[in-house]
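Trainee: I should like a close look at the charged side chains of this model and their pairing. Please take me through them in one connected account.

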Amino acid sequence: MERVADIAVVASAHSDGYAATAHLLGLLAALPAPTETGESFWSDLWRSSGSLYLLPANIKRFVLSSLAGEGTGLAGQILSAVDEMTPPQRVAAGEVIGQALAESDHLPDLKTQVIGELWLRDLELTAWRVLHADHKSADPAERKAFFEAWTSV
């Protein structure tokens, strides 16, 4: 029975990680594509955020890895970008993102700053979920101790 519980914990961690990675990709897919048409968006995002970490050229390999189910590189890159932003840069990046989302999703009832801040917050939390899911599946002894602690209650 203990082996089944360990397998369930591992499977849960992996499915959590895969679901979070898929959501991370979905958030990025909501932004303008990194083509000639979306070039001004990405340029504006770079200037407003002050971060090169989010530029398509710098996340492309991580996005491709995420499409194959390995999202930790992309999650780490995203968290590094958000961590480097000052509060004014975050507000400015949120405005750029919110404007793009408002135009593409037709959300006229919400302020672009609100839309962008919600998107950034979701991106940040989802990246954390990807990394957390990867971490909690890493150590079988910790999983066993956790399971034993909860089954002894």
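Mentor: A residue counts as buried under 20% relative accessible area, as exposed over 50%, and as partly exposed in between. The model discussed here is a predicted one. By that scale D44 is partly exposed, because its relative accessible area is 33%. Its salt-bridge partner is R47, and the closest N and O atoms of the two lie 2.8 Å apart. R47 counts as exposed, with a relative accessibility of 53%. Both D44 and R47 belong to helix α2, which spans residues 39-49, and they are separated by 3 residues, about one turn of the helix.

In general, side chains of opposite charge can pair when their charged atoms come close. The structure holds 4 salt bridges, and we may now turn to those that involve R90. One of them joins R90 to E117, with an N to O distance of 3.3 Å. R90 is located in helix α5 (residues 87-105) and E117 in helix α6, so this pair ties together parts that are 27 residues apart in sequence. R90 and E117 are both buried.

R90 also forms a salt bridge with E124, in which the closest N and O atoms are 3.1 Å apart. Here too distant parts of the chain are linked, since E124 lies in helix α6 and R90 in helix α5, 34 residues apart. E124 is partly exposed, at a relative accessible area of 26%, whereas R90 has a value of 17% and is therefore buried under the 20% cut-off. Through salt bridges that share partners, R90, E117, R121 and E124 are joined into one network.

Helix α6, which covers residues 112-136, also contains V114. V114 is partly exposed, with a relative accessible area of 39%. Together with L110 and L118, V114 makes a nonpolar surface patch of about 240 Å².

To return to the neighbourhood in sequence of D44, one may ask how many aromatic pairs are counted. The count is 1 aromatic pair. The pair consists of F41 and W42, whose ring centres are 5.0 Å apart and whose planes stand at 85°, so the arrangement is edge-to-face. F41 is buried, at 7% relative accessibility, and W42 is likewise buried, with a relative accessible area of 9%.

Key
Residues numbered from 1 in each chain as written. Predicted model: local features only at pLDDT ≥ 70, side-chain atom pairs only at ≥ 80, totals over all residues. Heavy atoms only, no water. Patch = residues over 30% accessible without salt bridge, like charges linked within 9 Å, V, L, I, M, F, W, Y side chains within 5 Å. Areas by Shrake-Rupley, 256 points an atom, 1.4 Å probe, with all protein chains shown as cover. Salt bridge = Lys/Arg side-chain N within 4 Å of Asp/Glu carboxyl O. Helix = DSSP H or I, 4+ residues; strand = E, 2+ residues; numbered from the N terminus. Buried < 20%, exposed > 50% of the residue type's maximum accessible area, 1.4 Å probe, protein only. Phe/Tyr/Trp six-rings, centres within 6.5 Å; stacked < 30°, edge-to-face > 60°.
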